[in-house]
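Please look over the sequence and the structure shown here before reading the report.

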Amino acid sequence: MIKGILLDLDGVITETAEYHYQAWKQLASEIGISIDRHFNECLKGVGRMDSLELILRHGGVAERYSTEEKAALAERKNRQYVALLKNLTPDHVLPGIRDFLRDARADGMKLGLASASKNARTIMNALDLTQSIDFIADAAVARSKPAPDIFLLAAEGLGLSPEDCIGIEDAEAGIKAIHAAGMKAVGIGDAATLHEADLLLGDTGKLNYNAVKNYFC
Ligand code: B16
Ligand code: MG
């Protein structure tokens, strides 16, 4: 019997990956590194500093920057990302998500957000979804996915045991994090990257609350 559903944000509730990509691409080009959309796939669900490390390694310059310089680079990227978030409106909620949240709540399910983003609250406000969920876990106090921290924090925030919850994710690191937390995972995306998911759906339009509940109960 599941009592709580923990959702990822980027790639599940909305598609902020494109803004992350634009902001990282600009920063990378400013320091002489070229990244493309294919490379961006491996940044999905990965925290800010870990994403920067991957980009620096990709450019072969991981040793060139001090800890302070890396923090400044990440901050520069975040300023650009936050500026791009001004474009976000309630129309940017992915298909099926509003109905899913509404149906889950009407059935008494507790809903939590388990995003790696420190901008999660800003994004949920821009989407007008803050009132539709019960708890937003704080990415600042969690180790990055694939560590289970953010999902464990979200379950705790809802007052539930991990085994009473399922997680929904679009990234491989996220599916691993859900499993490491002792929960079952719904993957949104393709089988090539999300084959470890317990239930795999191609996109959020296929996310039907009753079907998900019946699958896991
Ligand atoms: P921020 P999710 C993740 O969101 C993004 O997929 C990832 O690209 C980003 O680096 C990470 O949040 C941190 O975001 O820089 O805003 O703190 O998929 O876990 O909702
Ligand atoms: Mg995601």
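The report below takes up a group of strands and then a metal site.

## The model

The structure is a predicted model, and the descriptions that follow should be read with that in mind.

## Strand E5 and its neighbours

Strand E5 covers residues 184-188, and because four of its five residues are buried, the strand is largely enclosed by the rest of the structure. Strand E4, made of residues 165-169, pairs with E5 in the parallel sense over four bridges, and within this pairing Ile-168 has Val-186 of E5 as its bridge partner. Strand E6, residues 199-201, also runs parallel to E5, to which it is joined by three bridges; here Val-186 stands opposite Leu-199 in E6.

The chain also links E4 and E5 in a recognisable pattern, since E4, helix H8 (residues 172-180) and E5 make a right-handed β-α-β unit.

## The magnesium site

Which protein residues are donors of the magnesium ion, ligand 2? They are Asp-8 and Asp-170, each through OD, together with Asp-10 through O, and these donors lie 2.0 to 2.1 Å from the ion. Along the chain, the donors follow the spacing D-x1-D-x159-D.

Are Asp-8 and Asp-10 buried or exposed? A residue counts as buried when its relative accessible area is under 20%. Asp-8 has a relative accessibility of 4%, and therefore counts as buried, while Asp-10, with a relative accessible area of 14%, is buried as well.

Key:
Residues numbered from 1 in each chain as written. Chains lettered and ligands numbered in written order. Predicted model: local features only at pLDDT ≥ 70, side-chain atom pairs only at ≥ 80, totals over all residues. Heavy atoms only, no water. Buried < 20%, exposed > 50% of the residue type's maximum accessible area, 1.4 Å probe, protein only. Helix = DSSP H or I, 4+ residues; strand = E, 2+ residues; numbered from the N terminus. Pairing = 2+ DSSP bridges. Right-handed = clockwise from strand over helix to strand, strands pointing away. Donors = N, O, S within 2.8 Å, 3.2 Å for Na, K, Ca; no water.
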